[in-house]
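This report is for a reader who meets the structure for the first time. Please look through the sequence and the model before reading on.

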Amino acid sequence: MGFRPIVGESGITYNVEKREGVISTMSNGWKKELNKVAWNDGEAKFEIRSWSKDHQRMGKGISFTEEELVTLANILVKMDCVKGKIVV
């Protein structure tokens with residue numbers, strides 16, 4: 001389910017290969033999402049990043065390899081995230 005590559009204002013290309021899910025929506029319509037994104041024809045990585053409604057603009061994000069994402073998921077499981085609350 002790849003999307004077309006986009007060239008940003010700075011000449012950097014990116015391709016949102018898969019939209020995994022929306023984490024939250026801000027009052028201005030921007031959404032914090034988990035996606036799989038390739039930058040400048042590089043290998044796609046998972047990212048948590050804020051995106052504008054049309055996915056033409058984005059905020060700063062954090063990237064994860066698949067292995068790092070699995071590690072993060074295991075940490076969240078250990079934190080016992082239940083019913084929207086974190087029990088530590």
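Confidence in this predicted model is lowest in strand β1, residues 6-7, where the mean is 63, and highest in strand β4, where it is 97. Over the whole protein the mean pLDDT is 86, with 82% of the residues at 70 or more. Where pLDDT is low, the predicted coordinates should not be read in detail.

The protein has seven strands and one helix, and from the N terminus on these elements follow one another as β-β-β-β-β-α-β-β. Of its 88 residues, 24% count as buried, while the area that the protein exposes is about 6500 Å², of which carbon and sulfur atoms supply 54%. Among the contacts with a separation of 6 or more, 20% are between residues 24 or more positions apart.

Two strand pairings, both of them with strand β3, are set out in the table.

| Strand pair | Direction | Bridges |
|---|---|---|
| β2 (residues 13-25) and β3 (residues 31-39) | antiparallel | nine bridges |
| β3 and β4 (residues 45-51) | antiparallel | seven bridges |

Within the first of these pairings, Asn15 stands opposite Ala38 of β3, and in the hairpin that β2 and β3 form, with five residues between the strands, Gly29 takes a positive phi near 95 degrees. The hairpin of β3 and β4 also has five residues between its strands, and there Asn40 is the residue described, with a positive phi near 50 degrees. Across this second pairing, Glu33 has Arg49 of β4 as its bridge partner.

Arg49 also takes part in a side-chain interaction, for it meets Glu47 in a salt bridge, with 2.8 Å from N to O. The structure holds one salt bridge, and both of the residues that form it, Glu47 and Arg49, are buried.

Strand β4 also contains Ser50. Is Ser50 buried or exposed? Ser50 counts as buried because its relative accessible area is 14%, which is under the 20% that sets the limit for a buried residue. Leaving aside neighbours within four places in sequence, Ser50 is in contact with Met26, Trp30, Lys31 and Lys32, and also with Arg57, Met58, Gly59 and Lys60.

One of these contacts, Met58, lies in strand β5, which covers residues 58-64. Met58 counts as partly exposed, because its relative accessibility is 28% and this class lies between the limits of 20% and 50%. With neighbours within four places again left aside, the residues in contact with Met58 are Tyr14, Trp30, Trp39, Arg49, Ser50 and Trp51. Lys31 is 27 residues away from Met58 along the chain, and the C-alpha atoms of these two residues are separated by 9.4 Å.

The helix remains to be described. Helix α1, made up of the 13 residues 66-78, reaches 19 Å from its first C-alpha to its last, which is close to the 18 Å expected at 1.5 Å a residue. After α1 comes Asp80, whose phi is positive, near 60 degrees. When the side chains of a helix are followed in the display, it helps to recall that an α-helix has 3.6 residues a turn, so residues three or four places apart point the same way.

Technical notes. Residues numbered from 1 in each chain as written. Predicted model: local features only at pLDDT ≥ 70, side-chain atom pairs only at ≥ 80, totals over all residues. Heavy atoms only, no water. Salt bridge = Lys/Arg side-chain N within 4 Å of Asp/Glu carboxyl O. Buried < 20%, exposed > 50% of the residue type's maximum accessible area, 1.4 Å probe, protein only. Pairing = 2+ DSSP bridges. Helix = DSSP H or I, 4+ residues; strand = E, 2+ residues; numbered from the N terminus. Expected span 1.5 Å × (residues − 1). Contact = heavy atoms within 4.5 Å. Areas by Shrake-Rupley, 256 points an atom, 1.4 Å probe, with all protein chains shown as cover. pLDDT = per-residue confidence, 0-100.
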